[in-house]
Amino acid sequence: MENLITRHRELSVLAAVLISQVFGLAVQVRSKDPQHAPLIRVWAVATVTPFEQAIVHAEGAVYGVWHNYLYLRGVRQENRDLKAQIEQLRLEQVRLSQDASQARRLQALLGFKEQSILATLPAQVVGSSGSEQSRSLYLDKGERDGLRKDMAVITADGVVGKILQAYPHTAQVLLINDQTSGLGAIVERLRAQGIVRGSPAGETMLEKIMADEEVQPGDRIITTGGDGIFPKGLLVGTVIKVSASDLFLRIRLHPAADLTRLEEVLVITKMQDVAPASDIAASPRAADILAQRLPGVPDKPTIAGAPQAGTSEAAAADAVAPKSAAGAKPNPPDTAAKPQGPETAPHRSPGPQAKPTHDSKPAPALKPITERMQ
Amino acid sequence: MRLSQTSPEQVEVYRFPWLAAALIPALAIFFQAFFPVQFPFLRIFDVPLLVTIFLGVTRRNPVTGLVTGCIIGLIQDSLTHHPLGVYGIAKTVVGFGASSLGVKLDVEHAVSRFLVTYGFYLLHQFLYFSVQRGLVGEALGWAWGHELFAALVNAGAAVALFALLDRFKQRN
């Protein structure tokens, strides 16, 4: 045996090196510890990324000096164009804020909760994995800057990926066009749910969309928010090609964020489930304003044995006969289902606490107010 | 042009100064990790593989070749999100094969360098995908057209790169 190994020394060394690597691979595949990074990986990343960061920052400094102090040609014209653009955007903002407040009101009524982005951290892309089969990037910020595994990485244009591993001074980002990535997404127009992942050639694909869905080129794909990593509604990309398969469609996307030319990204460091702020509770209703302007109505005298505030009986009584301060004009049973005119609509709009009841009766305290209003 | 080289006396073995031997693979890995971010089309090149082949065929020592390939491969693995050893195994075999082939073939000519790199690129990719699928269990897709084109591009780059790296080698 010893003779055989000596005679085929080179082949023996090859076999030993290969077997040890296969054994190491098996250990890694079996352990599957997501938080554990082998020491060689930490060392390699710690060796390579400082040079990358140094070059990127030096390049940024030179670029900044050149473009901010030396090369200022066309800046005046650009400034004028930007001012005109601001005016247009202001007009659009007014329209959008109205739409947004309406959407918030509706969401509040339906009790929706949404994930909002509380904090982001800008980071610069300094390097890549250098492999076509591993589409990942390295950032110039790491664990010491507050980055953690599974944080979402985005740009102003759309989704980029998620943090796969956070090292002390750098973080590895898995791009959405990697074959091993998976991102819950929906076709905005059809609300059909699928999974975004990469193809071997690095294309971004939308999978698991049933073949009977009428997805068309140009359709926008947005995040579902169901994975707990990306907030709902972020743009992933647009459909550029749809081809039929057996059961599912084969949909190719154009990523909203240019994944091949990323320089700066935003890492979502804090997200929170929040109920949308309701404008109903904040803004006074027409009836409240009228009640304040008109002379006060004496409170209903307390009757012994009547339900006290804060008890379940009182709550039940409130639901049946709202107090005048609430200003809600109850509808007679025969008119409750009928459409109301615009002037009566505010009286009927239910707040978060007060729900309209069809069998409610008019409270005596309301009568003088309504008479004065007429 | 003669591609085969049967006489052992004709085999010229080279060595590299220790600084060059350490810096060439390090720069190759740095190039591979850094420049594709700035210039995405460079992603198609596998410069660490080209360096592994070059060092193998120049030194003509199979053990040195496989160890060099193993180290370069493991460092390259470290920068990806795949388990360590995928590139390591592929480049170990390539390093060993290039060194063994260097003894038998004249790899000083541009054509032979082109052909050797073309073949080893495809072997490397085949091993990489086999390990990923068979041992790691990740179903990576194989695109023939892309791999053949990438082999062509890398073989072309190897001719230029090897000519540049020839300046560092010293006759043993």
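In this predicted model, 25% of the 374 residues of chain A count as buried. The secondary structure of chain A comprises 9 helices and 12 strands. Much of its contact map is long in sequence: among contacts in chain A with a separation of 6 or more, 63% link residues 24 or more positions apart.

A barrel gives a good starting point for a tour of chain A. Here 6 strands close up in the order 6-7-8-11-10-9, with antiparallel pairing. From one strand to the next, the twist averages 40°. Strand 6 of chain A, residues 183–187, is mostly covered, with 4 of its 5 residues buried. On one side, strand 6 of chain A is joined by 5 bridges to strand 7 (residues 192–198) of chain A, and the two run antiparallel. Within this pairing, Gly184(A) has Ile195(A) as its bridge partner in strand 7 of chain A. The hairpin formed by strand 6 and strand 7 of chain A has 4 residues between the strands, and Arg191(A) adopts a positive phi near 60° there. Strand 6 of chain A also pairs with strand 9 (residues 220–223) of chain A, through 3 bridges and again in an antiparallel sense. In that case the bridge partner of Ile186(A) is Ile222(A), a residue of strand 9 of chain A.

Elsewhere in the barrel, strand 10 (residues 235–244) of chain A runs antiparallel to strand 11 (residues 249–255) of chain A, and 7 bridges join them. One of the paired positions is Gly237(A), whose bridge partner in strand 11 of chain A is Pro255(A). Val236(A) touches residues that include Leu183(A), Ala185(A), Val196(A), Ile222(A) and Leu253(A), leaving aside residues up to four places away in sequence. Val236(A) is also among the residues with the most contacts inside the largest nonpolar core, a list that further includes Val153(A), Val159(A), Val173(A) and Ile53(B). That core has 96 residues, and its largest share, 9 residues, comes from helix 4 (residues 86–104) of chain B.

Where do the two chains meet? The contact involves 41 residues of chain A and 37 residues of chain B. On the side of chain A that touches chain B, helix 2 (9–31), helix 3 (39–70), strand 1 (114–128), strand 2 (136–139) and strand 5 (171–175) of chain A each supply at least two residues. Helix 2 of chain A provides the largest share, 11 residues. By residue type, this side of chain A divides into 20 nonpolar, 16 polar and 5 charged.

Val56(A) offers a closer look at helix 3 of chain A, where it is found. This residue counts as buried because it has 20 C-beta neighbours inside 10 Å. Beyond residues up to four places away in sequence, Val56(A) touches Gln124(A), Val126(A) and Asp140(A). Val56(A) and Asp140(A) lie 84 residues apart in sequence, yet their C-alpha atoms are 9.3 Å apart in space.

In chain B, helix 2 (residues 47–59) packs with helix 3 (residues 62–79) at an angle of about 170°, the axes being 9 Å apart. Helix 2 of chain B is therefore roughly antiparallel to helix 3 of chain B. The residues of this contact divide into 4 nonpolar, 7 polar and 1 charged. Helix 2 of chain B contributes residues including Val51(B), Leu55(B) and Arg59(B), which meet a set in helix 3 of chain B that includes Thr68(B), Ile72(B) and Gln76(B).

Terms used
Residues are numbered from 1 along each chain as its sequence is written. Chains are lettered from A and ligands numbered from 1 in the order in which they are written. This is a predicted model: local features need pLDDT of at least 70, side-chain atom pairs count only at pLDDT 80 or more; totals for chains, interfaces and linings use all residues. Two strands pair if DSSP finds at least two bridges between them. Axes are lines fitted to C-alpha atoms, for helices over the stretch in contact, and angles run from 0 to 180 degrees between N-to-C directions. Angles under 35 degrees count as roughly parallel, over 145 as roughly antiparallel, 65 to 115 as roughly perpendicular and the rest as oblique. Two residues are in contact if their C-beta atoms, placed from the backbone, lie within 7 Å. Ala, Val, Leu, Ile, Met, Phe, Trp, Tyr, Cys and Pro count as nonpolar, Asp, Glu, Lys and Arg as charged, and the others, Gly among them, as polar. A nonpolar core is a set of buried Ala, Val, Leu, Ile, Met, Phe, Trp, Tyr and Cys residues joined through C-beta atoms within 7 Å. A residue is buried if 20 or more other C-beta atoms lie within 10 Å of its own, exposed if 12 or fewer, and partly exposed in between; C-beta atoms are placed from the backbone.
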